[in-house]
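Thank you for having me today; I would like to walk through one structure slowly, and I will try to say at each step what we are looking at. Please have the picture in front of you as we begin.

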Amino acid sequence: MISLQAGIRNELLLMLYRRKTMIFFVVAAVLPILLAMSFHALQPVIGLVAASPSFPIQMLELYTLFMIPLFLFLAIADLFPQEVSARTMKLTLLRPITRFRAFAAKLLALGMAIAAMLVLLAIVSLLCHAAIGTSDGGSIDLIGYGKAYIAGFLSMWALSSLFVFFAQFFRSASGFLIFSIILYAVAKVFPFFVKGFSSFSLTSYTDWYLVWLSHSVSAGSLLTSTLFVISGMILFFSLGYLMFERKEV
Amino acid sequence: MKKKWLMTGGAIAVSGAVMLTTGLTAMAGTSGYEDYKSALKATQALKSVSIQADAVLQDNGNVLNNAHGQLKVSLPDRKMSGNVQVTGKGAQQSVDLFSGTTGEVWKTGGSDTYFVKQDKQEKQDGEQQDSTENGQSALMNKQAETVIDALVGNLKNYVSVNGQTDGSKQISLQLDNAQIPAVVQALAPLAFKHLSGEHDGQQGQNSATDQANPDKLFGKNLFNLKDIALTQDIQIQSVSLQATVNVHNQIERQQASISFTGKDAGGVSHTLTLNTDVHLSAFDQTIPDTIDLAGKKVQQVQEHQGHHNDSND
């Protein structure tokens with residue numbers, strides 16, 4: 001257990017020391033403020049609500065669709081292919097830590113980064129609403145929003161396990177980055193042509209948090225979709241681990 | 001070593017199986033969304049139907065406009081008849097409509113003049129195209145359905161269905177502010193501004209020309225948003241839809257409601273609600289009324305783009 005903790009600390013520190021992680025977090029924090037301010041300024045022209053009570057959810061939509069996946073691709077590229085090509089993976093594995101724990105530490109660190117980003121987003125968007133928002137259009141349902149954010153976190157973590165699996169095939173960070181962006185775009189467009197694809201694709205669960213905002217969604221479909229996300233996460237975690245285990249570094 | 005393989009292998013097998021079954025359940029999904037789609041298709045395939053429709057537009061609970069219509073439609077013989085009444089803030093307006101293969105006839109409530117518009121050529125062309133493009137349009141419809149499914153995404157779980165004892169179904173959908181996709185929400189003010197801006201320009205027209213053009217007559221009355229033009233904080237507050245589907249999978253009744261909130265130029269907040277209620281009956285047994293114009297005051301109306309055809313006939 002201590003080695004796992006040390007592993008997580010190691011990965012988190014590595015992430016923190018990278019400048020792009022910090023830049024990403026700053027952008028993630030500033031973007032909602034910028035959007036709210038520009039909506040506010042453009043109010044007379046387009047008449048859009050600057051920061052309605054649903055602002056945190058509208059921002060969540062934007063983040064689970066673009067920001068967090070992009071951040072994930074960058075972070076995963078650094079965690080796996082980059083470490084292999086820079087030969088720093090060896091240093092990690094020379095420590096008294098099993099491969100499983102090293103692998104798990106990387107995924108847990110990713111999960112923590114996603115959680116941190118979502119918490120940051122929730123705080124910033126709530127502050128935006130408090131500062132320049134209107135109270136028109138209902139109040140903030142904190143419990144509902146909390147559930148939606150947790151669901152958003154789960155789907156993002158499952159998505160990260162999918163891309164960690166694909167990262168095992170790459171030895172160069174830029175190659176993986178390009179591949180993952182293209183794969184994500186294709187997986188997002190595919191359901192427009194093929195019926196039923198979205199039922200089997202983790203990428204179509206980026207807006208899964210929506211299901212948790214309603215009272216009319218049946219418990220059965222909540223259960224099956226939750227099972228799908230969790231089992232997808234376990235499946236790609238295990239497959240990724242199998243590849244990682246046999247990897248020559 | 002062996003234990004590790006067993007663990008990972010087991011995890012892969014179990015999670016893979018769970019993923020497959022839950023994916024299949026999601027795909028097969030006997031959800032309200034699928035039920036509604038199939039009912040909509042069955043209703044569209046009807047040959048004739050009688051429609052009763054009501055629409056009410058409210059501002060902060062005060063009725064602004066009220067529309068009531070009765071229509072009888074028969075597709076195979078391209079006939080339609082009906083009556084539409086619109087009660088606006090200023091006045092009431094009603095129109096009787098008859099439409100057949102030869103053209104359209106309408107009369108406004110206040111006068112006894114029947115306006116007649118002859119249809120030529122266009123309809124026959126349409127008929128020929130229908131038969132040749134039938135196969136292609138079926139394919140297009142299927143593709144369009146896939147695209148719509150993809151756009152709807154996880155929102156399709158919002159449609160719930162309640163089976164009744166007599167075999168009919170109640171299908172309902174309720175979307176609140178936070179659940180409406182941001183893109184739709186962003187388009188709402190634009191659509192709103194477009195609607196109110198368009199009709200501001202029409203104020204100068206006199207009613208004599210309006211009578212000859214039923215679209216304008218209603219457009220002016222039903223969507224007169226001038227007094228309640230929202231300029232700020234426009235958003236869709238809620239959308240709801242309720243449909244009753246009978247045993248034969250036909251939609252018997254459909255109620256829809258959408259409400260906007262926003263502020264006008266003076267900073268007063270408004271809640272605009274549009275409620276519609278549509279009843280369908282006499283499935284495949286509707287015979288539209290016809291009108292005998294003999295001995296009645298008739299005025300011919302020419303379509304602007306149809307002028308060049310007149311000399312040929």
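Let me start with a single side chain in chain B: B:Lys41 is partly exposed, with a relative accessible area of 44%, and before going further I should say that this is a predicted model. B:Lys41 takes part in a salt bridge with B:Glu145, and the closest N and O atoms of the two are 3.2 Å apart. Because B:Glu145 lies in helix H4 (residues 134-152) of chain B, while B:Lys41 lies in helix H2 of chain B, this pair ties together parts that are 104 residues apart in sequence. B:Glu145, for its part, is buried, at a relative accessible area of 18%, and the cut-off to keep in mind here is that buried means under 20%.

This salt bridge does not stand alone, since B:Glu34, B:Lys37, B:Lys41, B:Glu145 and B:Asp149 are joined into one network by salt bridges that share partners. Within that group, the side chains of B:Lys37 and B:Glu34 meet at 3.8 Å, N to O. How far apart are B:Lys37 and B:Glu34 along helix H2 of chain B? They are three residues apart in that helix, which spans residues 32-44, and so they are separated by about one helical turn. B:Lys37 is buried, with a relative accessible area of 13%, whereas B:Glu34 is partly exposed, at 30%.

Staying with the salt bridges of chain B, the side chains of B:Asp35 and B:Lys169 also meet in one, at 4.0 Å from N to O. Since B:Asp35 lies in helix H2 and B:Lys169 in strand E8 (residues 169-176), both of chain B, the pair ties together parts that are 134 residues apart in sequence. B:Asp35 counts as buried at 18% relative accessibility, and B:Lys169 is partly exposed, with a relative accessible area of 22%. Over all chains, the structure holds twelve salt bridges.

Now let us turn to the place where the two chains meet. How many salt bridges does the rule find across the interface of chain A and chain B? The rule finds one, and B:Lys4 forms a salt bridge with A:Glu245, with the closest N and O atoms 3.1 Å apart. The contact involves 51 residues from chain A and 48 residues from chain B, and together the chains bury about 4000 Å², of which 62% is on carbon and sulfur atoms. On the chain A side, A:Phe192, A:Lys195 and A:Phe200 lose the most area to chain B, together 14% of what that side buries.

Another residue worth finding is A:Ser231, which lies in helix H10 (residues 219-245) of chain A and is buried, with a relative accessible area of 5%. Leaving aside residues up to four places away in sequence, A:Ser231 touches B:Ser15, B:Val18 and B:Met19.

Finally, I would like to look at the empty space inside. The structure holds two cavities of 30 Å³ or more, and about 70 Å³ of space lies in the largest cavity. Among the residues that line the largest cavity are A:Met15, A:Phe24, A:Phe71 and A:Asp78. Helix H2 (19-41) and helix H4 (55-79) of chain A are the elements that give two or more residues to this lining, and H4(A) gives the most, with four. By residue type, the lining divides into five nonpolar, one polar and three charged.

Note on methods:
Residues numbered from 1 in each chain as written. Chains lettered and ligands numbered in written order. Predicted model: local features only at pLDDT ≥ 70, side-chain atom pairs only at ≥ 80, totals over all residues. Heavy atoms only, no water. 1 Å grid on protein atoms, 1.4 Å probe; cavity = no way out; pocket = protein on both sides within 12 Å on 5 of 7 lines; lining within 4 Å. Points joined across faces, edges and corners; volume = space filled by probe spheres on them. Nonpolar A, V, L, I, M, F, W, Y, C, P; charged D, E, K, R; others polar. Contact = heavy atoms within 4.5 Å. Buried area = accessible area lost by both parts, 1.4 Å probe. Buried < 20%, exposed > 50% of the residue type's maximum accessible area, 1.4 Å probe, protein only.
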